[in-house]
Each structure stands twice: as structure tokens, then as C-alpha cells.
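Biologist: I would like to learn how to read the packing in a model. Where do we begin?

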Amino acid sequence: MQTERFINLRKPELEKIFKKSNIIEVWRKIVKNQLRNIDLKDLFDHYDFNYNIEERATTIRNDILNGNYKVSQALTYRIEKKFGVCRHLVTPQPTDALVFQVLIESVSKEILENQPSKNAFYSRDKHSVSIPHEVDEYMLNWRQQWKKMQKMIYNFTDEQDFIIVTDISNYYDSIDINELRKVFTSYSKMNEVLIDLVFKIIEEISWKPDYLPYSSRGLPTTNIEGVRLLAHSFLFEVDEVVKQATNGSFARWMDDITIGVNSRRQAVEIISSISDMLKSRGLALNLSKTNIYDEKQGYYHFQIEENRYLDSIEKVKKGDSDYKEICKDVHKKFKQHFKDQGAKYWEKATKRYITAYGRLESTKLLNDLPSIYSEYPNLRSNLNLYLSILGYEKNTSEKVLEIIKKIDIFDDISMYQLCYLVTQWEIPTDEKAKKFLKEFEANITKLSFNRRVASDFYCLLWFKAKYNHPEDLLNFITKYKNLWQTEPFLRRQVTAIISRLLTTNEKSGETLLASQISSGVPNTVTLASQILAFKDLEKLESKMLFYLFPTSSQRAYPLPKFLVLCSVLNSKEIRSDSSIREKIILNIKDPYYLKWLDLQYNIN
């Protein structure tokens, strides 16, 4: 039931920003890519949502304007920081991520205009722009921002006598939501109903275990950009005070603050001032990570020598005359660097070294990789990227098997990262490769059933979706039906895999899809319905052709996109179209994808 207040005062404000065209634009330019970049990816790439975005935008608009919008349960998962201690992250459902971003986009420009200094960074996702010189600093990607910030730090080291480094203890978890609301409101002219909606979504997607009530403390950690902007704006007052005290000689990366000063006394005064300000907001400096460095200490802790060396070899590539010598030199310097882990920014320099190994395609890191991978959780993403660049070979596959046997898993993404890596590799279908895949699958299956957590079953699904025969997939899904039906996230991922079953066992596949439609789980119902609808396609629209076969062909072709391709090839008309078959052969090179395309759709 709507009150007159909603109809006459609140609804008009919502109508201004929840225009259908605006909702579609925010999805296409921002939210779609944010969801692709989360740690646990969707096996259908949320393509059912994307394909029907016009209709979804209409539904969202109507729900919002009729006062019927409700936030769905978010996915909560864990990432290990160190010693088994995990950070909890959340991923909202696509509708909620989109609604939230539409709200934040309506005030983001205004919020950023209140930022006291451009020396503070929070990594805004890159928007599509037409002219390069129109791109402002907040449209730079993370790497560009980080490099810009590093340059500032170099200048501080050269020009200032002392450097303060500090951060805020458990920043996201410690934010008082009521205080955040006050600060956020003061920086924007956002109408009350929009602010109410922003903080309603924050409350609903926040982790609330064991039926405990909402504590109003802690901003959910998520990849959704709007949440990062809120956390960023909460520290504007700190930026203003530090800017005035140092004449702008500081840089802030979210809650990590680096400040250049001329004396130790000035450093202590600034630390004291920041601490008092934070306490008034219910926050506290992390004193164990707060230090004052002189020039010599700063040079060491910021790893200036390592960074300058890594800068000097950035343009070296395989095939250069000094390539082998450079690879040897990198490995020698890395070994020295790895022995001394006392520098504050040791980890950041280590990640740059790993990136350098990958860029050079050097295999010299492989011998040490399994032990580093197991002992340093924060380096795993970089090591996976390195292995991805090297690709499937005898030596890389052996190291992956060493890792999976050696690693102790305490979170929800470590095993998935390895499964994702193996599905990114283009692995041949010969007997040696089959032996590797069989051993890898046996190990992740053992881990999964020993731990009995939903994320491990998801890892198995991801691997099997690419490498298992359709009949084996069907048997696996059927055998563990009682397990995956208890988790909405798993149910959706299994539904995505059914797109691979419809040509080899149409009856069983359609029965499974029908049961998912009758489940009433919204994101599963829409996906199952979409897979069935694609089965009856007579022609591919241009938007789908561009999605499946982009102008710049992808290596490796993403697994979720392959499952979308399978769902449309379930249509006899589509798979019989000679132009589609030509596009497939031109775009897909992965041996296992080609194997299933031949087996399931007679495309070879």
C-alpha cells in the first residue's frame, strides 16, 4: 500500500533517475563488467539478464515506482588474508547491483566535486568515452591510478625528510552506517527517498549470520563501485585536514594513507590529529601499521630500487637480443628480494616481479611457485595470471598438481582460482593431457567432499562444465541433486550447465529445466526459461552475434560464453546455419570446445 507521501513526494524523485534508458545505460557501461570481474563468476555470464535488459529495466522501473522493490539475498564468500583468517565479501544479485549503481551514478559527480584533493584514490571503473582527452582521473583504471600514485610516492621520498605510512584498522568492518549516512548526505543534495533506498540496499546485502539482527556497523566489502565510493567519501574530512597540514604532500588509496612531512614532530602531530578525527567517527588507526620513515627508511620500505629496476625492464620482450640475460637478472633480483620481507610494500613489489616473469614468459619462477603459492594467499591471483600466460605445458601442469596436493584451503576462492586457470588453458585431447585432467579432477573432488562446502562443489561444476562428456555431466548433476538444490547460487550454476545436455539427452535436460522453472528461485527460473527459449531460436540477433563472436576474437574463449553458445546451438536452425558454423570455426580454437562442438552439434 502506498501513502500519499510516496505518490506525491517520493515517487517523482524516483522517476527522475529510474528512467528505462538510464537503467540500461548503467547496466551496459558499468554493472555488467563489475559482475564479470567478481571472484566467483556466473557460469552463464548473467547473459539471460543482459539479453533481456530492456524488459528487465522496465520491470525494475515499475517495481521501484510502485513501491514493490525488494532486495534479494546476496552471495557471501570468503577470501583468505593470512593464517586462515578470511575477509568476507558479498556480491549482490544483478538487479540489486544495478539499482544501487543507478542511485550512486545520480550523485557521483556531485560527491567527487566535494573531494578536497585529487591525491585520494578509490579506483573508479572505466566508462566508455569518445575522446581520449576528455577522460578525467576518476575514469582511469586501477593500474593507471596506482602508477600515478606511485609517482607521487617517489616525489615524497626525494623531497620530504619524513614519510608517514598508516591505515585504518578494519576499515570497512568498522564503519558506522549511521555516521556514513550523515556524511554522505552532507556531500550530496540527494532526496531523502534515494538515500533511504541506498542504505536499505546496504543493510539487506550486508552479511548477517546466524539470524543475528543488523548491527548498523560495517560496510559490505564488494566489487560494486558504488560501495567503494561511499567508503571513499567517508574520509574526505581526513583528506582536507592532511592537505592543509602538508600543503598537499600526501596520497590516499582508500584507507591506506602516505604523507610527506619535514620533521618527526610534524609527523606525530598529524598522526594524532588523524587519530582524533577517526575516533569521533568510531574508527581507529592501525598502530601496528603506522610508521614514520626518514629518507633512508622510506627508500627501503617503498622498495624504490626494486620499482625503478622493474620500470627499466617494462619494454623488454621475448626475442630481444638481451632477453635471456634479463630473465636471469630478474630471477636473481627476485630471489634476493624474496629473502628480505621486512619492507612495508614488499608484497606490492613482489607482485610486480611476478608480473614481470609473466610479461617475459620466463619459466624460472616455476620451481619455487608451489611453495610460494601455498604460503602466500595474497599472491595467488598474480601467480595464477603468470601460469595463465605460460599456458598448458608439461612443466606448468606438474606445478599445478603440486599446488593442489600441497595447499591448505580455508576460503571459498583458492580452489576456484585453480579450476578457473585450468579451464582458461587450451589443453589438448591427447592421452598425456587426459592423464593430467583426470588427476586434477580427482584431487579437487577429494578436497570438495572432504570439506563439504558449497563453493567447492561450484569449483567442481566449473571444471566439469568444460572437460566432462555430456553424459558424465548429467550423471553428476543427477547424483548430487539434493546437494545443489539447497543453495540458490549452486542451483543457477547447474542450470547453466544444462545447456550442454539438450542435444545428447534432450528428455533429461528438459526435465531438469522444467524442475528449475517450478522451483520459484527467481534467477534460476529466468535462466532455465532463457535456455528453453534459445532452443527455439530461428535467427541470431546482431547483439547476440556480437557477443558470441566479437570483432577481436578472444583467446581464451570464456567458458560462460561457450555455455551461452551451446544454448543457442540447441536450436536446429541455428546450428544448421552455414554462416554461424563459419564464425564458430573462426573464433574457437580450444581443443575441448571443438571436441564438444563436433560431438554435440556436428560442427567440425
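Modeller: With contact: two residues touch when heavy atoms lie within 4.5 Å. Keep in mind that this model is predicted.

Biologist: Which residues does F440 touch, not counting residues up to four places away in sequence?

Modeller: F440 touches V400, L401, L418, C419, V422 and F463. F440 also belongs to the largest nonpolar core, which has 110 residues. F436, F440, L548 and L565 have the most contacts inside that core. Helix α23, residues 454-467, gives the most to this core: nine residues. Another core lies apart from it, with 77 residues, among them L112, L197, I201 and L229.

Biologist: What about a charged side chain in α23? Is K464 buried or exposed?

Modeller: Buried means under 20% relative accessible area. K464 sits in helix α23. Its relative accessibility is 9%, so K464 counts as buried.

Biologist: Which side chain makes a polar contact with that of K464?

Modeller: The side chain of E441, at 2.5 Å. Leaving out residues up to four places away in sequence, K464 touches E441, L473, F476 and R500.

Biologist: Now helices. How do I read which face is buried?

Modeller: Start from the geometry. An α-helix has 3.6 residues a turn, so residues three or four places apart point the same way. Take α27, residues 506-517. Its buried residues are G509, L512, L513 and Q516. Seen down the axis of α27, they fall within an arc of 100 degrees, so they line one face of the helix.

Biologist: What do the buried residues of α27 pack against?

Modeller: Four helices: α24 (470-479), α25 (481-484), α26 (488-497) and α28 (522-535).

Biologist: How does the length of α27 compare with its expected span?

Modeller: The expected span is 1.5 Å times one less than the number of residues. For the twelve residues of α27 that gives 16 Å, and the end C-alpha atoms are 16 Å apart, which agrees.

Biologist: Last, cysteines. How many disulfides are there?

Modeller: The cut-off is 2.5 Å between two cysteine sulfur atoms. By this rule the count is zero.

Biologist: Why is C86 not bonded to C459?

Modeller: The closest cysteine sulfur to that of C86 is in C459, 14 Å away, so it is too far for a bond. C459 is in no disulfide either; the nearest cysteine sulfur, that of C419, is 4.8 Å away.

Biologist: Are C86 and C459 buried or exposed?

Modeller: C86 is buried, with a relative accessible area of 18%. C459 is buried too, at 0%.

Note on methods: Residues are numbered from 1 along each chain as its sequence is written. This is a predicted model: local features need pLDDT of at least 70, side-chain atom pairs count only at pLDDT 80 or more; totals for chains, interfaces and linings use all residues. Side-chain values use heavy atoms; hydrogens and water are left out. A nonpolar core is a set of buried Ala, Val, Leu, Ile, Met, Phe, Trp, Tyr and Cys residues joined through side-chain atoms within 4.5 Å. Buried means under 20% relative accessible area, exposed over 50%, partly exposed in between (1.4 Å probe, protein chains only). Helices (H or I, at least four residues) and strands (E, at least two) are DSSP runs, numbered from the N terminus. The arc is that of the directions from the helix axis to the C-beta atoms. A polar contact is a pair of N or O atoms within 3.5 Å; within protein, one must be able to donate a hydrogen and the other to accept it, and residues adjacent in sequence count only if both atoms are side-chain atoms.
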